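Let's take a walk through this protein together. Please have the sequence and the 3D view at hand, and follow along at your own pace.

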Amino acid sequence: MPVPSKERVVALLSDLVHDRGFDLEDVTVVSAGKHSAVRIMVDREEGTGLDALPALSHEISELFDGVSDFGEAPYTLEVTTPGIDRPLTEERHWRRARGRKVRVEVADEKFDGRVGALDGGSITLVTRTKGVLATRVVALSDISKAVVQVEFSPPKEDEMELAGGVFGSRPRPADADEIVNVDTPEEGFDK
């Protein structure tokens with residue numbers, strides 16, 4: 001019997017993954033003759049430690065071994081977290097990316113910004129144009145694509161302040177009077 005469908009794997013895993021505090025981000029089932037593979041992508045708010053994925057992988061393997069769906073067909077099980085190139089499509093993705101630099105596409109415009117606060121279906125992005133630092137509030141529904149960018153240098157402190165800094169040694173959140181909003185009134189935001 002071949003490896004089960006993606007839908008069946010999701011049905012099998014959903015409760016286990018959720019009970020362990022993870023979100024099931026994606027499942028890929030590749031049936032390729034004798035070399036089938038099941039790839040499971042998980043994530044969680046606090047990130048994953050070195051021991052979390054092997055332990056979860058072991059539990060998933062035991063679960064799969066306990067059902068008849070997998071039969072005797074050999075397969076490779078891979079449990080991983082999202083890579084840097086995963087698009088930000090859910091509110092939880094934006095929340096987890098706070099402080100990170102992203103490339104955003106809206107309508108006919110592309111720009112880079114640093115992820116700030118998520119509020120009511122909108123995200124605040126810190127932008128820098130010709131040396132001028134500002135914030136821009138964008139409705140998530142207006143974003144056609146957004147991907148975290150690889151940074152080879154530490155983020156600038158003033159950008160992190162406006163983004164609201166989120167982890168241990170990152171800067172404190174900015175005061176409200178330090179923020180400059182660059183949205184135009186016709187986009188539905190006050191200047």
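We will begin with the whole chain and then visit a handful of residues.

A word on confidence comes first: this is a predicted model. Across the chain the mean pLDDT is 82, and 84% of the residues reach 70 or more. One stretch to treat with care is residues 167-191, where pLDDT stays under 50. For that stretch the model has 35 contacts beyond four places in sequence.

Now for the overall layout. The chain contains 4 helices and 8 strands. If you trace these elements along the sequence, you meet them in the pattern α-β-β-α-β-α-β-β-β-β-β-α. Of the 191 residues in the chain, 36% are buried. Take the contacts between residues at least 6 apart in sequence: 54% of them join residues at least 24 apart. On the outside, the chain exposes about 11300 Å², and carbon and sulfur atoms supply 49% of that area.

Let's zoom in on the aromatic rings. How many aromatic pairs does the count come to? The count comes to 1 aromatic pair. Its partners are Phe64 and Tyr75, arranged edge-to-face, with 6.2 Å from centre to centre and 65° between the planes. That angle earns the edge-to-face label because planes over 60 degrees apart are classed this way. Phe64 belongs to helix 2 (residues 52-65) and Tyr75 to strand 3, so the pair ties together parts that are 11 residues apart in sequence. Are the two partners buried or partly exposed? Phe64 counts as buried because its relative accessibility is 1%, whereas Tyr75, at 22%, counts as partly exposed.

From strand 3 (75-80), follow the chain into the loop that leads to helix 3 (91-96), and you will find Ile84 there. With 37% relative accessibility, Ile84 counts as partly exposed. Together with Val150 and Phe152, Ile84 makes a nonpolar surface patch of about 350 Å². Residues need over 30% relative accessible area to join such a patch, and the 37% of Ile84 is given as its relative accessibility.

Next, look at strand 6 (residues 122-129), where you will find Ser122. Is Ser122 buried or exposed? Ser122 is buried, as its relative accessible area is 15%. And which residues does Ser122 touch, leaving aside those up to four places away in sequence? The contacts of Ser122 are Ala117, Val137, Val138, Ala139 and Leu140. Among them, Val137, Val138 and Ala139 fall within strand 7 (132-139), while Ala117 falls within strand 5 (109-119).

Our last stop concerns backbone angles. Most residues other than glycine have a negative phi. Against that background, two residues deserve a look. Ala107 is not a glycine, yet it has a positive phi of about 45°. Ala107 sits in the loop between strand 4 (101-106) and strand 5 (109-119). With a relative accessible area of 76%, Ala107 is exposed. Lys130 is not a glycine either, and its phi is positive at about 50°. You will find Lys130 in the loop joining strand 6 and strand 7 (132-139). Lys130 is exposed too, with a relative accessible area of 84%.

Note on methods:
Residues numbered from 1 in each chain as written. Predicted model: local features only at pLDDT ≥ 70, side-chain atom pairs only at ≥ 80, totals over all residues. Heavy atoms only, no water. Patch = residues over 30% accessible without salt bridge, like charges linked within 9 Å, V, L, I, M, F, W, Y side chains within 5 Å. Areas by Shrake-Rupley, 256 points an atom, 1.4 Å probe, with all protein chains shown as cover. Salt bridge = Lys/Arg side-chain N within 4 Å of Asp/Glu carboxyl O. Helix = DSSP H or I, 4+ residues; strand = E, 2+ residues; numbered from the N terminus. Buried < 20%, exposed > 50% of the residue type's maximum accessible area, 1.4 Å probe, protein only. Contact = heavy atoms within 4.5 Å. pLDDT = per-residue confidence, 0-100. Phe/Tyr/Trp six-rings, centres within 6.5 Å; stacked < 30°, edge-to-face > 60°.
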